[in-house]
Amino acid sequence: MERIRNLIHSDLDIYAGFEPMEADIQGWASTSDAFQYCIDAINPKLIIEVGTWKGCSAVFMSKLLLEKYDDFEIVCVDTFLGSWEHWTTMPEYLPFSQRIRGRAHIYEQFLSNIMRTGLQNHLTPFPIDSVNGALCFKHWNVQADMIYVDAGHDYDSVFTDLTLYKELVRPGGYLLGDDWFHIPIKQAVADALGEVKELSNDKFLWIRPE
């Protein structure tokens, strides 16, 4: 299958020459049964993850997919700089001692985690914000089998992400979302997608009509 990696990074091997740090694959709700449900239902070959943090859910999805086949790619869209919550109310996740010239080193940690799990051939980081990432995918005519949205937690950013990325799901494909228990997210989902299926207390599913 044609790799989205080639559109993003051309022939650059983004993992070459990088000395990985120790693994730190911490995440939130990253091993939910909802991933297994979606993967079993549609056997996706291309997944776009919007908001990836250190790669925990992407690694989990990769391991589920490898139980079936190895011809797949997960593209991980993230600024790798943390969100406003991390910089204000959760600064422990961006400690000063682990910043590079003031910049959070989440991207380096992501690369390290992927290399430590041996999944370089399947996981492609796209270091960009979600809006510009969606515009790039649209320009490249990318249609994903499955999109997992787990970036912002406020109404405006979630509504924007859902509005943009629902157009990038192939007909019959799945859009899985996180943090379903947050009231602002429920409202954004209702306004952007309409009716969805609740898979758990923290995951929802929208299927693009055929």
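Helix α3 (residues 56-66) is largely enclosed by the rest of the structure, because 8 of its 11 residues are buried. This is a predicted model. The buried residues of α3 are C56, S57, A58, V59, M61, S62, L64 and L65. They pack against helices and strands alike. The helices are α2 (33-42) and α5 (106-117). The strands are β1 (46-50), β2 (73-78), β5 (123-127) and β6 (144-149).

Now step back to the whole chain. Its secondary structure comes to 8 helices and 9 strands. The radius of gyration is 16 Å, and the globule rule gives 17 Å for 210 residues. The two values are close, so the chain is as compact as a globular protein of that length. Along its principal axes, the C-alpha trace spans about 45 × 40 × 30 Å.

Burial and contacts come next. Of the 210 residues, 50% count as buried. Take the contacts between residues at least 6 apart in sequence: 80% of them join residues at least 24 apart.

The surface can be described by its atoms. The accessible surface of the chain comes to about 10,100 Å². Carbon and sulfur atoms account for 53% of that area. As for charge, the chain has 17 positive and 31 negative charges. The mean positions of these two sets are 2 Å apart.

Turn to the cysteines. A disulfide is a covalent bond between the sulfur atoms of two cysteines. The structure holds 0 disulfides. Why is C38 not bonded to C76? The sulfur of C76 is the closest cysteine sulfur to that of C38, but it is 16 Å away, too far for a bond. C76 is in no disulfide either. From C76, the nearest cysteine sulfur is that of C56, 12 Å away. A pair counts as a disulfide only within 2.5 Å.

Are these cysteines buried or exposed? C38 has 0% relative accessibility, so C38 counts as buried. C76 is buried too, with a relative accessible area of 0%. C56 is one of the buried residues of α3.

One last stop is H9. This residue lies in helix α1 (residues 4-9). H9 counts as buried because its relative accessibility is 13%, and the cut-off for burial is under 20%. Which residues does H9 touch, leaving aside its neighbours within four places in sequence? H9 is in contact with I14, T124, P125 and P127.

Note on methods. Residues are numbered from 1 along each chain as its sequence is written. This is a predicted model: local features need pLDDT of at least 70, side-chain atom pairs count only at pLDDT 80 or more; totals for chains, interfaces and linings use all residues. Side-chain values use heavy atoms; hydrogens and water are left out. Helices (H or I, at least four residues) and strands (E, at least two) are DSSP runs, numbered from the N terminus. The radius of gyration is taken over C-alpha atoms; the globule rule is 2.2 Å times the number of residues to the power 0.38. Buried means under 20% relative accessible area, exposed over 50%, partly exposed in between (1.4 Å probe, protein chains only). Contact means heavy atoms within 4.5 Å. Accessible areas come from the Shrake-Rupley method with a 1.4 Å probe; for residues, only the protein chains shown count as cover. Lys and Arg count as positive and Asp and Glu as negative; His and the chain ends are not counted. The place of a charge is taken as NZ of Lys, CZ of Arg, CG of Asp or CD of Glu.
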